[in-house]
Amino acid sequence: MKFWNDFAEKHPKIAKWVREGGLFVIVSNLITVFKYLLLTFLPAAFAFMGDRSFGWPGIPLTLFGETFQWNILGYDQAHGGLAYFTAYMIAMVIGECINFPIQKIFVFRNHDKPGKQIAWYVAAFILITCIVNSINCIWVAVAGKFVAPFIYNIGTTVLNGGVSMVVFFFVNKIIFPETVKEEKEEK
């Protein structure tokens with residue numbers, strides 16, 4: 001600890017980035033594992049919805065001999081459809097509902113009122129989800145042809161977690177500026 005304390009004293013800005021970045025990666029990876037577990041079991045819970053296609057814009061693609069509908073949101077019938085998309089979104093939303101307060105309070109040490117931060121976080125989540133899902137629908141279709149579902153679910157959560165982690169780190173740096181808890185209590 002002496003080494004870290006000396007380093008932090010000499011280089012406070014770098015130490016803050018290292019501390020925040022390290023904690024952010026640890027928390028994000030734990031949340032990614034949690035999302036993976038949810039995504040492994042939740043699709044069965046929504047099997048009653050059937051596998052009917054649910055997605056937009058539904059552009060037909062063929063890659064590696066697999067034909068599927070490319071969607072920004074949703075999945076075609078052959079790759080889980082509405083049931084898989086529902087499970088996917090529930091896993092992602094639950095994960096982010098857990099992630100938000102941990103990142104805000106413990107990682108970035110922000111004690112401001114969360115109203116505007118939640119709005120920015122939700123906007124970032126929607127944008128990131130659209131980007132990731134548009135990639136993920138390709139991954140699910142192609143990987144589903146070659147590997148078992150538990151394997152492509154690992155890829156899904158790593159892809160989602162990896163892209164989200166990189167983008168959300170910088171989003172969080174902006175929306176969660178460090179505040180001192182005592183200052184907030186005095187106001």
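Buried means under 20% relative accessible area, exposed means over 50%, and partly exposed lies in between. Keep these cut-offs at hand for the exercises. The model is predicted.

**Exercise 1. Classify Arg109 and describe its backbone.**

Start with the place. Arg109 sits in the loop between α3 and α4. Next, take the accessibility. Arg109 has a relative accessibility of 37%, so Arg109 counts as partly exposed. Now check the backbone. Phi of Arg109 is positive, near 50 degrees, and Arg109 is not a glycine. Set that against the general rule. Most residues other than glycine have a negative phi.

**Exercise 2. Do the same for Phe64.**

Locate Phe64 in the loop between β1 and β2 (66–75). Read its phi: about 50 degrees, positive, in a residue that is not a glycine. Then apply the cut-off. Phe64 has 64% relative accessibility, so Phe64 counts as exposed.

**Exercise 3. Find which residues a cis peptide bond joins, and give its omega.**

The bond joins Trp56 and Pro57. Its omega is about 10 degrees. Place the proline next: Pro57 lies in strand β1, residues 54–63. Recall the background. Most peptide bonds are trans.

**Exercise 4. List the secondary structure of the protein chain in order.**

Count the elements. There are six helices and two strands. Then read from the N terminus: α-α-β-β-α-α-α-α. Add the dimensions. The C-alpha atoms fill a box of roughly 55 × 35 × 25 Å along the principal axes.

**Exercise 5. Decide how far to trust the coordinates.**

Take the average first. The protein chain has a mean pLDDT of 88, and 97% of the residues score at least 70. Then look for the extremes. Confidence is highest in α3, at 93, and lowest in helix α6 (residues 181–186), at a mean of 57. Finish with the reading rule. Where pLDDT is low, the predicted coordinates should not be read in detail.

**Exercise 6. Describe the surroundings of Asn110.**

Begin with the position. Asn110 is in the loop between α3 (81–107) and α4 (115–146). Test for burial. The relative accessible area of Asn110 is 0%, under the 20% limit, so Asn110 is buried. Look for polar partners. The side chain of Asn110 makes a polar contact with the side chain of Gln117, at 2.9 Å. Finally, leave out residues up to four places away in sequence and list the neighbours. Asn110 then touches Lys104, Ile105, Gln117, Ile175, Phe176, Pro177 and Thr179.

**Exercise 7. Is Glu96 buried or exposed, and what does Glu96 touch?**

Find the residue: Glu96 lies in helix α3. Compare its value with the limit. Glu96 has a relative accessible area of 7%, so Glu96 is buried. Now list the contacts, again without residues up to four places away in sequence. They are Lys35, Tyr121, Phe125 and Phe168.

**Exercise 8. Work out how α2 is oriented against α1 and α3.**

Take α3 first. Helix α2 (residues 12–45) packs against α3 at an angle of about 155 degrees, with the axes 9 Å apart. Angles over 145 degrees count as roughly antiparallel, so α2 is roughly antiparallel to α3. Note the handedness too: α2 passes α3 in a right-handed crossing.

Turn to α1. Helix α1 (residues 2–10) and α2 pack at about 125 degrees, with their axes 5 Å apart. The two helices are therefore oblique to each other. Trp4, Phe7, Ala8, Glu9 and Lys10 of α1 make the contact with Pro12, Ile14, Ala15, Val18 and Arg19 of α2.

**Exercise 9. Relate distance in sequence to distance in space for two residue pairs.**

Start with Val167, in helix α5 (residues 149–175). Val167 is partly exposed, at 35% relative accessibility. Val167 and Ala124 are 43 residues apart in sequence, and their C-alpha atoms are 8.5 Å apart.

Continue with Ala44, in helix α2. Ala44 is exposed, with a relative accessible area of 63%. Ala44 and Tyr88 are 44 residues apart along the chain, and their C-alpha atoms are separated by 12 Å.

**Exercise 10. Step back to the whole protein chain.**

State the burial. The protein chain has 187 residues, and buried residues make up 39% of them. Then turn to the contacts with a separation of 6 or more. Residues 24 or more positions apart account for 73% of these contacts.

How values were computed:
Residues numbered from 1 in each chain as written. Predicted model: local features only at pLDDT ≥ 70, side-chain atom pairs only at ≥ 80, totals over all residues. Heavy atoms only, no water. Helix = DSSP H or I, 4+ residues; strand = E, 2+ residues; numbered from the N terminus. Buried < 20%, exposed > 50% of the residue type's maximum accessible area, 1.4 Å probe, protein only. Polar contact = N/O pair within 3.5 Å; in protein donor to acceptor, adjacent residues only side chain to side chain. Contact = heavy atoms within 4.5 Å. pLDDT = per-residue confidence, 0-100. Axes fitted to C-alpha atoms, helices over the stretch in contact; angles between N-to-C directions. Parallel < 35°, antiparallel > 145°, perpendicular 65-115°, else oblique. Left-handed = near helix turned anticlockwise from the far one by under 90°.
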